[in-house]
Amino acid sequence: MMRTLFVEETRTLGPVHAKTIGVLLIAGIGALAVGLVPHAMGADAPTLMAVTGAAIAFALPVPIIAIHTLAEYWQTMHGRRGYLTMSLPARGREVFGAKVLYLMAAVMVALVIAVGGLTVVVLVRAWMNDVPPADVWDGILSLLDLIGTAAAWSIGAVAVVQLLSFLVMWVSVMSIAAQTRWNHLGIGGAVIGMVLVYLVCQVLFAAAMMLVPLGMDMGTGDLVARSMLPDLLSGVEPTVLGLGFVPVSVLVSIALAWWAVHALEHHASLR
């Protein structure tokens with residue numbers, strides 16, 4: 001059943017998101033094309049403005065799709081359209097799972113497109129400055145050598161995991177806040193819940209960075225079974241960046257998702 005629900009979610013929201021991405025890509029490409037005119041005239045300020053506009057257009061799919069999908073979740077689960085959703089012959093966990101999977105998949109697709117678009121912006125800007133693509137690639141490789149390939153992959157993986165974890169948290173908080181006892185707050189309850197979860201997570205993340213034996217060696221970029229606490233206690237500059245917040249964020253998202261499913265199946269309330 002969850003597969004059917006996921007397919008239906010894709011059919012409903014997919015075309016809207018595809019059109020959104022298409023419009024933003026056209027806007028970004030158009031901005032780069034417009035920037036060629038002042039570039040040919042030697043006017044760097046308008047050129048830079050056009051390139052910046054293109055970068056913004058290419059980066060926008062991620063927040064727009066995430067916000068729109070979250071809004072759709074609220075409307076179809078706890079708004080007026082929620083009556084139709086709750087009438088489906090499916091358990092709350094199946095509906096929740098399908099919507100969360102679509103949200104994560106859509107945001108990841110938007111993220112890949114945004115990275116590709118921003119790469120194009122960098123290459124075009126380099127071309128405008130008469131920098132060959134080979135030199136741009138050498139600069140990227142030099143930066144990777146400075147950071148460390150392992151560190152770069154670790155940072156990227158951490159960013160993706162954190163993004164997906166917070167998406168699950170936000171969706172979960174919506175259903176938790178929509179329980180009968182808090183339903184009178186409407187969307188305000190979800191907003192309050194998100195703020196509280198964010199604040200609690202910051203405290204947990206700070207503690208996890210110091211206490212959980214998982215970190216990244218800042219010299220080599222390798223993952224190590226160490227925390228930042230020993231270095232902090234000895235008074236030396238930390239050589240390990242604590243990554244304990246990563247598993248903590250995953251555990252928090254799982255716990256909130258379980259709570260949300262329980263709320264949907266036992267305490268769901270519609271407005």
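**Exercise 1. Which residues of H3 are buried?**

Solution. The model is predicted: local features need pLDDT of at least 70, side-chain atom pairs count only at pLDDT 80 or more, and totals for chains, interfaces and linings use all residues. Residues are numbered from 1 along each chain as its sequence is written, and side-chain values use heavy atoms, with hydrogens and water left out.

Step 1: fix the terms. Helices (H or I, at least four residues) and strands (E, at least two) are DSSP runs, numbered from the N terminus. Buried means under 20% relative accessible area, exposed over 50%, and partly exposed in between (1.4 Å probe, protein chains only).

Step 2: read off the list. Buried in H3 are Pro61, Val62, Ile65, Ala66, Thr69, Leu70, Glu72, Tyr73, Trp74, Thr76, Met77 and His78.

Step 3: recall a rule. An α-helix has 3.6 residues a turn, so residues three or four places apart point the same way.

**Exercise 2. Place the helices and strands along the chain.**

Solution. Step 1: count. The protein chain holds 10 helices and 3 strands.

Step 2: order them. From the N terminus on, the run is α-α-α-α-α-α-α-α-β-β-α-β-α.

Step 3: add the chain totals. The protein chain has 271 residues, and 38% of them count as buried. Take contacts (heavy atoms within 4.5 Å) between residues at least 6 apart in sequence: 74% join residues at least 24 apart.

**Exercise 3. Check helix lengths against the expected span.**

Solution. Step 1: the rule. The expected span is 1.5 Å times one less than the number of residues.

Step 2: H3 (residues 61-78). Its 18 residues should span 26 Å at 1.5 Å a residue, and its end C-alpha atoms are 25 Å apart, which agrees.

Step 3: H8 (residues 187-211). H8 has 25 residues and reaches 36 Å from first C-alpha to last, close to the expected 36 Å.

Step 4: H10 (residues 245-266). This helix has 22 residues and reaches 31 Å, close to the 32 Å expected. Its buried residues include Phe245, Val252, Leu256 and Leu264.

**Exercise 4. Describe how H1, H2, H3 and H5 cross.**

Solution. Step 1: the conventions. Axes are lines fitted to C-alpha atoms, for helices over the stretch in contact, and angles run from 0 to 180 degrees between N-to-C directions. Angles under 35 degrees count as roughly parallel, over 145 as roughly antiparallel, 65 to 115 as roughly perpendicular and the rest as oblique. A crossing is left-handed if the near helix is turned anticlockwise from the far one by less than a right angle, and right-handed if clockwise.

Step 2: H1 (residues 2-40) and H3. Their axes come within 10 Å and cross at roughly 155°. H1 is therefore roughly antiparallel to H3. The crossing is right-handed. Leu13, Val16, His17, Thr20, Ile21 and Leu24 of H1 make the contact with Pro61, Ile64, Ile65, His68, Thr69 and Glu72 of H3.

Step 3: H2 (residues 44-59) and H5 (residues 92-128). Here the axes come within 8 Å and cross at roughly 165°. So H2 is roughly antiparallel to H5. H2 passes H5 in a right-handed crossing. Among the H2 residues in contact are Leu48, Val51 and Phe58; among those of H5 are Leu118, Val121 and Met128.

Step 4: H1 and H5. The axes come within 10 Å and cross at roughly 15°. H1 is therefore roughly parallel to H5. This crossing, too, is right-handed.

**Exercise 5. Work out the strand order of the sheet.**

Solution. Step 1: the rule. Two strands pair if DSSP finds at least two bridges between them.

Step 2: the order. The open sheet has 3 strands in the order S2-S1-S3, with antiparallel pairing. Its edge strands, S2 (223-224) and S3 (240-242), each pair on one side only.

Step 3: one pair in detail. S1 (residues 215-217) and S2 run antiparallel, joined by 2 bridges. Opposite Gly215 stands Val224 in S2.

**Exercise 6. Is Gly92 buried or exposed? And Tyr198?**

Solution. Step 1: Gly92. This residue lies in H5. Gly92 is buried, because its relative accessible area is 17%. Glu265 is 173 residues away in sequence, yet 5.3 Å from Gly92 in space, C-alpha to C-alpha. Leaving out residues up to four places away in sequence, Gly92 touches Leu264 and Glu265.

Step 2: Tyr198. This residue lies in H8. Tyr198 is partly exposed, because its relative accessible area is 45%. Phe166 is 32 residues from Tyr198 in sequence and 8.9 Å away in space, C-alpha to C-alpha.
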